[in-house]
Amino acid sequence: MISLTAVYVMWLREMKRFSRARSRVLGSLIMPLFFLAFLGLGFNRMPIPGIAPGVNYVKFLVPGIIGMTLLFSSTMQGLSVLWDREFGFLKEIMVAPVSRVSIALGRIAGGVTTSLIQALLILAVSVLLGFRAHNGLGLLAALGFMILISFTFIGLGLVFASRMKDMQGFGLVMNFLVFPLFFLSGAFYPLTNLPWAIRGLSYADPLTYGIDGLRAVLIQTHSFPVALDFLVLAGFAATMLFLGAYFFEKSESV
Amino acid sequence: MDAIWVKDLTKTFKDVTAVDRVSFSVPEGELFGLLGPNGAGKTTTINVLSTLLHPTSGQAEVAGHDVATSRDLVRKAIGVVFQEPALDGKLTGRENLEFHAMMYGMGKEERRRRIDEVLGLVELTDRAAALVEKYSGGMKRRLEIARGLIHRPRVLFLDEPTLGLDAQTRRHIWDYIKSLNRDHGVTIVLTTHYMEEADILCDRIAIMDHGRFVALDTPARLKDILGGDVVSLEVEGAVDDLLAEMQKLEWVRTASRHDGVLTMTMEKGERRIPELVTLTQARGAIVTSVHLHRPSLEDVFLHFTGSTIREREASVAERNRMMMGFGRR
């Protein structure tokens, strides 16, 4: 049922496209880097309620910006089905004698790889800005959280791309879904500073648990127990992957 | 065995019936053409046969496999060249072919050999390392035909293979298609709205209009239906009365009217023209021009559908424009 070759081919295609789109990749890293540099340096010496003493703002912000990078790049990867539909290549994929689940898995594998590369680049830059992970084990655990975040939002992108016929809905998804998910996630400030009604929404946002988990393992400050972060995020990731593959399977290819 | 077998195939989109109870079969090795104006249902037929769309009702088998229930088996047996380019512009020509060959489960050695072969066949060996986004329209089409052949399909679907190509490239592609069919025994189903293309290439042609087959036969026999010569008279005056008059003549096989032009088929047309002119003038009408030719598929299409293919397309284009107008308002 699942063809490993097909998964590999889809992944390989993504790698080739990624390696040829350097300027675009660089462009997509600029925004998170600006946030990191200007917000981080600008607020660094300000006391912010809810942040544990001894944790400066740059340190607090880095996991948030990594989460942001993953959110945007992964959703875009999921939505890239729309580009394939627009440029006709989707038909070539859909008429191949392999299961659609394999195709979806290949896309997900490619998307996770490229998103992780971008997130790790951000992490590397933040090290230059003085960020240090707590320890090596934390770094490894952070990688796990990053993969789960990426899974979740590629799945989300796939769901929407499979339901949309053309590119027109793209802006809607970005403005009414991705940006709110980003702002609700507590990437910039502790959620305890939000009014309770909005905080409720934050608790429904998978990225909240992703970023809290990243903070827990990277800088050892968090609002939820790290096990809870992990379990909730893993649940979201599994659900979204299933839904993404399911809707892709059901989508009409022309 | 038949390469394609279709029974009462129907495909509807919301309230539009794109393909309406179509039945036909294509024997192995045949070059079969679907001829009709844009919007006749040709592409939808191909999309159903190539498993991209589910049939609404009816049955279709390709290479002995049902297109609705055995999709993967059908997909393995067919190659498809779509009307719109379906290439990844960010990959090179060779990489596009590699992608395809791997998807069809071919081993490394076989892959390399077949890709070199098909690149040679469509004369793209020199440009294989260039990104496809740098290709011209003709090169893209050739690359797609090459791709459709890599896995040696039993049936190849070509949807408007020469649409938008210049005359020279078109002839080139005709040659490829013919040699594929003749030398490699590939069953080919192509759609076209070019009469000439259907006439030159196809063993048999189905004329499609409004989702239905209005005629299906060899080009020669389709033209024989009209019989003999086609004589067109451009007339000023009471055309309808004339038409009725001419239909009564025993040597006129078919007669139809199209604006001010009377089109008739008959044997030895060149000898009948004086008689037709005399008759017209006797009825007080004036003949402004006379035209005699052997029947073409265009005449056959006119005979079966009551309009020329160009007019049909113009009316489709008109309708589309109006719909776009509504959309923009």
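Select chain A and colour it by secondary structure: in this predicted model, the chain comes to 10 helices and 0 strands, and if you follow the elements from the N terminus on, they run α-α-α-α-α-α-α-α-α-α. The radius of gyration of chain A is 18 Å, close to the 18 Å that the globule rule gives for 254 residues, so chain A is as compact as a globular protein of that length.

Keep chain A selected and reduce it to its C-alpha trace, which spans about 60 × 40 × 35 Å along its principal axes. If you then display contacts between residues with a separation of 6 or more, 81% of those in chain A are accounted for by residues 24 or more positions apart.

Next, turn on the surface of chain A, whose accessible area comes to about 11300 Å², with 71% of it belonging to carbon and sulfur atoms. Beneath that view, buried residues make up 53% of the 254 residues in the chain. Colouring chain A by charge brings up 18 positive and 10 negative charges, and the mean positions of these two groups are 7 Å apart.

Now move to chain B and select helix H10, which covers residues 269-282 and contains B:Glu275. Is B:Glu275 buried, partly exposed or exposed? Its relative accessibility is 41%, and because this value lies between the 20% limit for buried and the 50% limit for exposed, B:Glu275 counts as partly exposed.

As a last stop, add B:Asp66 to the selection and draw a distance between the C-alpha atoms of B:Glu275 and B:Asp66: these residues are 209 residues apart along the chain, and the two atoms are separated by 57 Å.

Technical notes
Residues numbered from 1 in each chain as written. Chains lettered and ligands numbered in written order. Predicted model: local features only at pLDDT ≥ 70, side-chain atom pairs only at ≥ 80, totals over all residues. Heavy atoms only, no water. Helix = DSSP H or I, 4+ residues; strand = E, 2+ residues; numbered from the N terminus. Rg over C-alpha atoms; globule rule 2.2 N^0.38 Å. Buried < 20%, exposed > 50% of the residue type's maximum accessible area, 1.4 Å probe, protein only. Contact = heavy atoms within 4.5 Å. Areas by Shrake-Rupley, 256 points an atom, 1.4 Å probe, with all protein chains shown as cover. Lys, Arg positive; Asp, Glu negative; His and termini not counted. Charge placed at Lys NZ, Arg CZ, Asp CG, Glu CD.
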